[in-house]
Amino acid sequence: MAEVLVTGATSGIGQAIALAFHGAGHRVTAMGRDPDALARLGALGLTPVPMDLGDVAGLSDRLATVLAGRVPDVLVNNAGMVAAPGNFCDMDEGDIHRQIATNLTQAILVSRAIAPGMRARGAGHIFFTGSIAGHTPYPNMAVYAATKAALGGFAQSLRLDLSPYGVRVTEIVAGRVESPLYKDVLTLDERAAMYAGQTAVQPDDVAAMVLAVHAMPQHVNVSRFDILPARQPVMAQVAAAGGKK
Ligand SMILES: NC(=O)c1ccc[n+]([C@@H]2O[C@H](COP(=O)([O-])OP(=O)(O)OC[C@H]3O[C@@H](n4cnc5c(N)ncnc54)[C@H](OP(=O)(O)O)[C@@H]3O)[C@@H](O)[C@H]2O)c1
């Protein structure tokens with residue numbers, strides 16, 4: 001049985017990953033902010049931990065308190081947010097800071113809190129939920145794309161730092177996944193338009209891949225996997241949906 005810590009476990013992809021590890025018999029700590037979702041996860045037997053990861057001041061100390069010296073076997077750095085899509089020139093400065101903190105800085109700090117223990121133990125597996133937006137130009141989401149590109153760069157370089165110690169690192173490169181990610185920044189119609197013409201990947205699909213990758217023998221590191229709808233050739237749909245904002 002592995003100790004698993006999932007950030008952004010209260011919704012969408014992270015919740016599916018947390019529940020899948022829990023269902024496979026592992027001990028799962030589920031991090032997020034939504035109190036109702038945390039309570040539901042607690043009722044199912046996961047360990048809920050409320051934490052605002054977007055507030056990076058003092059985050060390392062808060063993490064140290066929560067971890068209390070424990071080192072998870074698996075860390076899934078999944079928490080993330082997206083600001084309203086739109087031309088960069090019109091972007092709210094607060095949204096720039098929020099996306100960088102929530103999608104990038106916190107994931108680096110959470111890794112910093114846990115990777116040394118994995119290195120000392122000579123085992124561990126760190127996942128990052130990246131995005132295809134970090135690997136291909138993506139109009140109207142320049143800062144989101146930048147955070148995911150940086151996250152991918154961090155993940156791949158971290159893998160090199162940790163590979164001599166037997167610690168595995170995997171970047172999840174997700175395409176369109178049907179989740180509440182855009183619920184606060186797009187209307188229902190805009191969200192429907194994003195999924196038109198394709199069947200979106202479901203959070204459970206991503207979770208199934210994560211568990212399969214983790215189940216590979218210790219000598220195998222799947223350093224990155226791309227998972228996108230079979231009918232999604234490019235990411236232009238979201239730009240069309242939100243581009244006029
Ligand atoms: N859906 C897609 O098409 C897609 C594609 C590529 C990559 N991704 C990435 O997948 C990851 C999960 O997103 P999702 O699609 O599953 O969306 P989601 O359902 O909105 O999940 C986002 C998760 O991140 C958590 N989170 C956001 N801000 C946080 C904060 N300040 N502090 C702590 N937790 C925070 C949320 O928790 P609370 O609500 O409890 O705060 C929630 O659990 C993100 O990194 C996203 O960028 C998604």
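Here are some short exercises, each with a worked solution, on a predicted model.

**Exercise 1: Following the strands**

Find out how strand β1 is placed and which strands pair with β1.

*Solution.*
Step 1. Begin with burial. Strand β1 covers residues 3-7, and 4 of its 5 residues are buried, so β1 is largely enclosed by the rest of the structure.

Step 2. Look for the partners. Strand β2 (residues 27-32) runs parallel to β1, and 5 bridges join the two. Strand β4 also pairs with β1 in the parallel sense, over 3 bridges.

Step 3. Pick one residue and check both sides. Val 4 has Val 28 as its bridge partner in β2, and in β4 its bridge partner is Val 74.

Step 4. Trace the chain from β1 to β2. The path passes through helix α1 (residues 12-23), and this β-α-β crossover is right-handed.

**Exercise 2: One strand further**

Which strand, joined over 4 bridges, pairs with β2 in the parallel sense?

*Solution.*
Step 1. The strand to look for is β3 (residues 47-50), which pairs with β2 over 4 bridges.

Step 2. For a pair of residues to find on screen, take Met 31, which stands opposite Val 49 in β3.

Step 3. Now follow the connection. The chain goes from β2 through helix α2 (residues 35-43) to β3, and this β-α-β crossover is right-handed.

**Exercise 3: Two residues with positive phi**

Ala 68 and Asn 140 both sit in loops. Decide for each of them: buried or exposed?

*Solution.*
Step 1. Recall the background. Most residues other than glycine have a negative phi.

Step 2. Set the two angles beside that. Phi of Ala 68 is near 45°, a positive value in a residue other than glycine. Asn 140 is not a glycine either, and its phi is positive at about 70°.

Step 3. Place them. Ala 68 belongs to the loop between α3 (59-67) and β4 (74-77), while Asn 140 belongs to the loop between β5 (124-131) and α5 (142-162).

Step 4. Use the neighbour counts. A residue is exposed if 12 or fewer other C-beta atoms lie within 10 Å, and buried if there are 20 or more. Ala 68 has 6 such atoms, so Ala 68 is exposed. Asn 140 has 22, so Asn 140 counts as buried.

**Exercise 4: Around the ligand**

How many residues surround the ligand, and which are the closest?

*Solution.*
Step 1. The shell holds 28 residues, and the closest are Gly 8, Gly 12, Gly 32, Gly 54 and Gly 80.

Step 2. Ask which elements take part. Those giving two or more residues to the shell are α1 and β5. Helix α1 gives the most, with 3 residues.

Step 3. Sort the shell by character. The residues divide into 11 nonpolar, 13 polar and 4 charged.

**Exercise 5: Inside the nonpolar core**

Which members of the largest nonpolar core touch the most other members?

*Solution.*
Step 1. Keep the general idea in mind. In soluble globular proteins, nonpolar side chains tend to be buried together.

Step 2. The largest nonpolar core has 49 residues, and those touching the most other members are Val 6, Ile 17, Ala 18, Ala 30 and Val 206.

Step 3. Zoom in on one of them. Leaving out residues up to four places away in sequence, Ala 18 touches Val 6, Ala 9, Val 28, Ala 30, Leu 41 and Leu 46.

Step 4. Apart from the largest core lies another core, of 8 residues, including Ala 83, Ala 133, Tyr 144 and Ala 145.

**Exercise 6: A pair in a loop**

Describe the surroundings of Val 222 and Met 216.

*Solution.*
Step 1. Val 222 is found in the loop between α7 (203-214) and β7 (224-227), and Met 216 is in the loop between α7 and β7 as well.

Step 2. Check exposure. Val 222 has 18 other C-beta atoms within 10 Å, so Val 222 is partly exposed. Met 216 has 13, and Met 216 also counts as partly exposed.

Step 3. List the contacts. Not counting residues up to four places away in sequence, Val 222 touches Thr 170, Val 213 and Met 216.

Step 4. Compare sequence and space. Val 222 and Val 169 are 53 residues apart along the chain, with their C-alpha atoms separated by 7.6 Å. Met 216 and Val 49 are 167 residues apart, and their C-alpha atoms are separated by 28 Å.

Definitions and conventions. Residues numbered from 1 in each chain as written. Predicted model: local features only at pLDDT ≥ 70, side-chain atom pairs only at ≥ 80, totals over all residues. Pairing = 2+ DSSP bridges. Right-handed = clockwise from strand over helix to strand, strands pointing away. Near = placed C-beta within 6 Å. Nonpolar A, V, L, I, M, F, W, Y, C, P; charged D, E, K, R; others polar. Contact = placed C-beta atoms within 7 Å. Core = buried A, V, L, I, M, F, W, Y, C linked by C-beta atoms within 7 Å.
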